[in-house]
Structure formats: C-alpha cells, structure tokens
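Trainee: Could you take me through a close look at a single part of this model, the place where two domains of one chain meet?

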Amino acid sequence: MKLTGAQALIKSLEMEGTEVMFGLPGGAILPVYDPLIDSSIRHILVRHEQGAGHMAEGFAHATGRPGVAMVTSGPAATNVVTPLCDAYMDSIPLVMITGQVPYAVIGTDAFQECDTVGITMPVTKHNWLVTDPADIPRIVREAFHVATTGRPGPVLVDVPKDVANMEMEWYWPESVDLPGYKPNLKGHAKQIKDAARLMGEARRPVLYVGGGILKARAAEALRELAELTGFPVVTTLMARGAFPDDHELCLGMPGMHGNYTAITSMQQADLLVALGARFDDRVTGKVGAFAPNAKVVHVDVDPAELGKVRRPDVPIVGDCRLVIEEMVKAVRAEKARKDWPSIEEWMAQIRAWQERYPLVYEQLDDGPLKPQFCIDMLRDHTPDDTIVAAGVGQHQMWTSQRWKFNDPYTFVVSGGLGTMGFAVPAAIGAKVGRPDKMVWAIDGDGCFQMTAQELVTASAERIPIKVAILNNAYLGMVRQWQELFYEERYSEVYLSPDLPDYVKWAEAMGCIGMRCDTPEDVVPTIEKANEIDDRPVVIDFRTDYREKVYPMVPAGASNDDVILDPAHDIPGGRD
Amino acid sequence: MNGAPQHHILSVLVENKFGVLTRIAGLFARRGFNIVSLAVSPTEDERFSRMTIVVDAESTPLEQVTKQLNKLIPVIKIVELPPGDAVERELMLVTVKATPEARSQITELAAIFEAKIDDVGFEAMTIQVAGPPSKLDAISDLLQPFGIVELQRTGRIALPKLSRRPARLRAVRGARVG
C-alpha cells in the first residue's frame, strides 16, 4: 500500500493508540493536516502552540498515557520549547510533531525555518529529523517507546514538508530496535535486601516519595509498603496524591513551602527511603545540611539520579512499582527473621510536631478574603476525586498545602520548571483525558494572563473546565520574596485587580465569568460554578495581597531554619 | 596533556548518525563537564563510530558523565580506559623555527623520537610525531627553545591493552549501578 509521508504519520499515530491530539496548523505541517480530516484522531485546535504542549502534558498527567501535540515549523516550534522543557523536568510522556521546511532547503534560512532538532535537543529525551518517508512508521514507534518507557519524557519528531509529500510503502514495525536504549526496570535483588535490612534497623525512618511513584503506577505498592513498615510518608509536590493525604502515615509536602512536620521529620530522620524522587533543591534546601544523620536508600529508574545530589547508601536502579513490590517481600522476610525496633517514640514526636505546628491562617468574617480560605472551600465543596491543576507561585503552594489529595493523578502541576501559565491549558488537557471528572484550575492572576486565551479553545471545543483565579493583584510569590528578603522594596510586581476585567474577559471567551470578594459569597459562588457543565467557568476571587506562604525555608538555607507563620509566636496563635 | 591520572579516558561507542556529536558535546556543555580532547572515527562496523573523550577528572564527576552519556539514545556503550592500562596514541604536527644552523640539531632530535620531517622551508620545518601523549609532550618541550611557530595535536585515541591477565576493562555503564 502506497501512502504519502503525511498519511503514514497519521496512520502511525493511530497505530500507537492516539485518540486525541492538540495542535495548530501552518505552512510546513499543511500536508499532515490533510489526512487528519479522515482520521479517527480528535484534534483540538489551540490558540497558541504553548497551549498545545501544556494540554498534552495535562492529558498525560491525568491519564498516564502520552500526550500528543502537532504544530508547524519555525515560531510554532520555538513556542513549544517551554512545554517540552516543562515535560522534561517533570518526566511527562509527550510526543511532539513539528513541521519543517522542505529537506531540500534546510540550511538556507528559508521562511519559517529554524533548527528545531538543535533547539530542542537539551529539552527532549530524544528527537528525530525525518529525512525519508519510509522511516516514519519506525520513528513514530520509537518515539512513543522512548517517551513512555524508563524515565518518561518528551520526544520530538521534526517532519520536513517534502518528506511528508513523498510516497512510501506502508509497513508497521513489529518491534523497536534501539541498541543504545534499554531501561533497567528490575531492581537488583541484593540491593533490595540491603534496603530491607536498613529499614529493619531504623528508628527514625521516612519514606520520601516523588513523582516517580505516579509515573510507575506504584501508588498501591507504596501503600502496602507504608502500612507493612508503619513508616511515615512525605509526598513531594510531584507526588501529591501518590499516598492519600487522609492516611494517618501521610505527613504531606516537604521542602521550601512544605509543612513543618514533613520538613523536620526528614531533617531528623536516620533513614530516608527515596522512591522516585530526585533530591531537588526545593526539597533539600542547603544540600550539605539536609538530613545530616540519615542513611539513604534511593530507588529510581534513571541511574543518573542516584548519587547526583546525595550519595545513597543503597542505590537501586529500577521501576518503582517492581522494586517496591520486591521490597515488600524483602521486608516481610526481614520481619520474620528478627524483631524490628519500635518507632513508637518517633511517631509520637511526629504527632507532637503536627499538633504544635499546623498550617494556619485566619479568615475574619468581615475581613479581606484569604486565598487559603478560597482553596479550603473549593476542596470542601467539590467531589473528592476532583482533578486540580495549578499554575506556579503562591496559589500553587497553598493548593498543594491545603488540598486533600487522596487519589493519584488528581494534581496536575508544573514542578521542576515552574512554568507560569501552566494551569489553564493543563486543566483543559486533563479534562479531555478524563471527561468524567470535575477539573478545577486554581490559578494566580499573573499566571492566568499568560495563557488565558486557551479558554477560547475550551469554549469552542466544549471542554467545561473551571478556573478559580486567586486575584491578589500582584505577582504574589515575587512580592513575598521582595517583602522578606529585599526590605519591602517592591519592584515591578503590581498587576492591578481590575485590569484586565477578568469577568468580562471570561465572557468574551465564551465562558461564564463570576466575581467573589467576600467570605460569605465563596461557597455559593463555587456551588454555582459546579452546576455549569456546558462551558468553562472563571471565578475572579479578590484575595488579600498581604497573605504570604508559610512555612518557608529561604533559598539556600538549611531545612533546620524553617520560617513559620508569625502567628506561631503569638500565644494561642491566630487560629 | 599527559596520561597522568588527573584525566579519565572514555571510549564511547555511538551510532554513526548525524547529530550524535552535537548531542554529546551539548550534554557536556549543559552539565558543565569539561572535555580535554576528543577524537571521533568510524569503527570496523560502519553502523557505529567510536569517540575517545578525555575528560578532566578534577572538574568532572566521572560517574555523572557516564550516567548522563548513557541516557543518550545513540550511545551504545561506554568503557573507561584506565590511563595505565590502555594503549594511547596521538599525532602531532609541529612547525618549528629552523635556521640552517639549527636544522641538524632538530633533525637529530626528531630521529631520537622517531619523528618524521614532513616539510622543510628556509627558516622552519614541520615535524610529525606519533605516540603516547607523554612522548608528544617531551618532544614539544625540547623543541620549545628553537621557537615553535605552530603546533597541532589530534586528541588521543585509545584501546584497552591486551593483557595477558584476565580482561581489565572497566565497564562504567550507568545501568549497572543497582
């Protein structure tokens, strides 16, 4: 069967099980958009290519399947660099197809030419420039394989226009042959045994859980391990929901804006079992002062993470699910072999910290609206399995701190890259992937302005997401740092609460727009939004700009130096 | 630039495809690793090329280099060649000032090092030297007083020594850490 390169590309995407892709056509990718008309793949037309990338990420976050996006050459390709980098930092499986100028004119500075493969090399797991239409099925197969296996990540396939127009004889490769790519999934048995032995000696253990648990679909295995050992669990920003927040062993988020107990338990631990986590600087604080007395067991499918930041006592390369399942067996054997020391004293200490240092804020009935209160009300007045997407900044940290993530794959978040503007398109992608679930984007006013135009996409495609803007009229996190570390010298952080008018803007984009500026209106507004299911909703919550995210470990400081909410110093606190 | 242990020699087998060198050079640059020398050539199997990369041991954590290199899909295999246990060779061309009076001294020196005189001019001559990096260092030191006009070295290539003892290849494939 003769097909054009373009037809072969679409057919290959279908063969890989692609049901939906996000994109925007243009000159160089035109040939590929033609066979798309006859394809079973649903295409969602975005308003900016960055949105296509983040939607594909949101889709992958919520479903675990690779997100697929397609854009044209030149400026479109450079517009997807941000989502590619975001996906690279957070290990999100993403397949990006870009158009390219005809192969015959590559290197001549042709119209809308750019070196896409060169530009995206540092932000993709791998990328390909197609030079022969006969390679297309093989490359697409390899692309999906690389994106979804081992440590997942983004890949890019650059398709020159003439290659898309040329004919090839259709085939579908039975298998993938990449001699230089063989992820090691099965953990080393002896290392796992060593890990179990360390666990059986620990008196102050903590399971330090990262996003790898979600990527490996290991939430159930993790729960079994936690309950078997009775070890407390901290879940990083990327792992929120990997272990249920309402579980008695869950300590919540550690790190720069983590809660006191999660941070301090890691600091004072004698054993950290890091599972799919990468000792990010936002978790460790000053590395030299991080968990100084802890032995470390480190499990990761990417060997380069082991010893990159902290040298583990027991390194284990492997898929988190497979390794944890083996770990459970090894722990059982170890428990049968000898008595484990009691960690009662440690757990009592942890409970005492939790009681002494809860997360606090105070919402006065007649006072300004507190962002934390809005999040609490959203949490309490939405279904338990609601998917939440966040942007980056104060609102993101409050969301991670206050939401109760009891199910995996319910928090769609930009962690490593910290991409402002992530929430709206990522929420759209998540809703496309999980139309059965309610999807809320909790966004800041600064973030919202970066990618809000994708609400036009959501309206046009009838994707009824809900957006809560915590509008404090500032780039809030930057303001917080200027207040605390730059002597309240506020430089370029004021945004205005009224410009733009978020309600009118939402309405102009085909959404329902609402405004809420008093505490008593919060719940009725949320309930009204929950009832709308035929179009997107945007709520402009006017929140108190003075509110800061606590606890906080200043950048570069030791995790021993947690700045608590000042209310903790007032006898009786403010809560 | 000698074979002293402040350098690591990595022999990296890669797929022979365009862009592979860029991927490797880019990785070194963005991870802040320093390349001392680099030689690339096809192997006996045309699907693969071999890169001999010499890295500075002090500035570069070898384990991270090899692990990060291993993550590149076109990288098939990485072997660290311990400097004492490898056959290392490098080629040097050096143009040295050679007045008619100095010529014979330089020629004598070249003979000691089994170097070849490749070109002779009125005031200079170009010498070709091949051998282990230490030999190249030595002759360039000795030529220095005559006045070196230009000097170029290829970067070293290396293969493991054929030991009479069991193989001493130290594979440093990151995937084997666990």
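Mentor: Happily; here is a walk through the domain contact in chain B, with a short look at the nonpolar cores afterwards. This is a predicted model, in which local features need pLDDT of at least 70, side-chain atom pairs count only at pLDDT 80 or more, and totals for chains, interfaces and linings use all residues. Residues are numbered from 1 along each chain as its sequence is written, while chains are lettered from A and ligands numbered from 1 in the order in which they are written.

Chain B splits into domain 1 (7-85) and domain 2 (87-158), with bounds taken from an automatic or database domain assignment. Between the C-alpha centres of the two domains of chain B there are 29 Å. Where they touch, eight residues of domain 1 of chain B meet six residues of domain 2 of chain B; contact here requires C-beta atoms, placed from the backbone, to lie within 7 Å.

On the domain 1 side, strands S1 (7-15), S2 (35-42) and S3 (48-56) of chain B each give two or more residues. Strands are DSSP runs (E, at least two residues), numbered from the N terminus. S2(B) gives the most, with three residues. By class, that side of domain 1 of chain B has five nonpolar, three polar and no charged residues. Ala, Val, Leu, Ile, Met, Phe, Trp, Tyr, Cys and Pro count as nonpolar, Asp, Glu, Lys and Arg as charged, and the others, Gly among them, as polar.

As for contacts elsewhere, Leu275(A) touches residues including Leu207(A), Val209(A) and Ile324(A), leaving aside residues up to four places away in sequence.

Definitions and conventions: Contact = placed C-beta atoms within 7 Å. Helix = DSSP H or I, 4+ residues; strand = E, 2+ residues; numbered from the N terminus.
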